[in-house]
Amino acid sequence: MARVATQVLERPSRAAEWAKQAGIVIGASLVVALCARLTVPLPFTPVPLTMQNFGVLLVALLLGSRRGLAALVLYLIEGASGLPVFNPAGLGGIKQILGPTGGFLMAYPLVAFATGWIYERTSRRIAWAALAGTAGELILFAGGLGWLFAMTHSVSQAFKWGLYWFVFAEVIKIALAAGFAARWNRNLRAKS
């Protein structure tokens, strides 16, 4: 009888933990959506300059591989279903996923997983956060440039539209996300 009672008492805490984790994942997808609103369309490329990538890195570094992956899969589902979570310069919905920025968007879950996975296995210092963010950006640009190449059939055009104008901004985004994540983790260690 005691065992059954114990199992019954454990269920609310398990449900509460699931609800907490779901709330964190939903909140993280909304952080990326808010970052996507900060967009600067560039007249010479169909790919806008956006803070979306910063949001992806931040979510990955703060939540880790599994929750980061879940948050970015949810983000893509939200966008594909027509919710206004993608950058406002695009077509929205599934059209945006299939458009010029689609390779970047589809890479987000893998970027979040890889960035979080690397950072989880480190001492959580800023250099490791920057390294994990850089690895994530390499995956991001592999997906984005690969998609642009498939659309244009030209490596030089893909690089012109999706790489050259963005390198400096991505370095800044990596530094910001790494600095924020390292400070966050330092504060968590200090409270422990």
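These legends go with close-up views of a predicted model.

**View 1. The enclosed space: one cavity and the residues around it.** The structure holds one cavity of 30 Å³ or more. About 140 Å³ of space lies inside that largest cavity. Its lining takes in 16 residues, and those closest to the centre are Val47, Pro48, Thr50, Asn53 and Phe104. So who builds the wall? At least two lining residues each come from α2 (52-80), α4 and α7 (167-191). The largest share belongs to α4, which puts in three residues. Sorted by class, the lining splits into seven nonpolar, seven polar and two charged residues.

**View 2. The open space: the largest pocket.** Here we move on to a pocket of about 160 Å³, the largest one. Its lining is made of Thr134, Glu137, Leu138, Phe141, Leu163, Val167, Glu170, Val171 and Ile174. Two helices, α5 and α7, each supply at least two of the lining residues. What sort of residues line this pocket, by class? The tally is six nonpolar, one polar and two charged. Keep an eye on Glu170 in this wall, as the next view picks up the salt bridge that glutamate 170 makes with lysine 173.

**View 3. A salt bridge within α7: glutamate 170 and lysine 173.** A search of the whole structure turns up two salt bridges, and this view shows the one where the side chains of glutamate 170 and lysine 173 meet, at 2.8 Å from N to O. How far apart do glutamate 170 and lysine 173 sit in helix α7? They are three residues apart, so about one helical turn separates them. Are the two partners buried or exposed? Glutamate 170 is buried, with a relative accessible area of 4%. Lysine 173 also comes out at 4% relative accessibility and counts as buried, since the cut-off for buried is under 20%.

**View 4. A salt bridge between neighbours in sequence: glutamate 120 and arginine 121.** In this pair, the closest N and O atoms of glutamate 120 and arginine 121 are 3.1 Å apart. Glutamate 120 closes helix α4, which runs over 102-120. How open are the partners to the outside? Glutamate 120 is partly exposed at 30% relative accessibility. Arginine 121 is exposed, at 52%. As for what brings such partners together, side chains of opposite charge can pair when their charged atoms come close.

**View 5. Arginine 124, a positive phi in the loop after α4.** Arginine 124 isn't a glycine, yet its phi is positive, at about 65°. Where does arginine 124 sit? Look in the loop between α4 (102-120) and α5 (126-152). Its relative accessible area is 25%, so arginine 124 is partly exposed; the partly exposed range lies between 20% and 50%.

**View 6. Histidine 153, a positive phi in the loop after α5.** This is another residue that has a positive phi without being a glycine: for histidine 153 the angle is about 60°. Which helices flank its loop? Histidine 153 is found between α5 and α6 (155-162). Is histidine 153 buried or exposed? With 65% relative accessibility, histidine 153 counts as exposed, because the cut-off for exposed is over 50%.

How values were computed: Residues are numbered from 1 along each chain as its sequence is written. This is a predicted model: local features need pLDDT of at least 70, side-chain atom pairs count only at pLDDT 80 or more; totals for chains, interfaces and linings use all residues. Side-chain values use heavy atoms; hydrogens and water are left out. Helices (H or I, at least four residues) and strands (E, at least two) are DSSP runs, numbered from the N terminus. Buried means under 20% relative accessible area, exposed over 50%, partly exposed in between (1.4 Å probe, protein chains only). On a 1 Å grid over the protein atoms alone, a cavity is a set of points where a 1.4 Å probe fits but cannot get out, and a pocket is an open set with protein on both sides within 12 Å along at least five of seven lines; lining residues have an atom within 4 Å of a point. Grid points are joined across faces, edges and corners, and a volume is the space filled by probe spheres set on the points. Ala, Val, Leu, Ile, Met, Phe, Trp, Tyr, Cys and Pro count as nonpolar, Asp, Glu, Lys and Arg as charged, and the others, Gly among them, as polar. A salt bridge is a side-chain nitrogen of Lys or Arg within 4 Å of a carboxyl oxygen of Asp or Glu.
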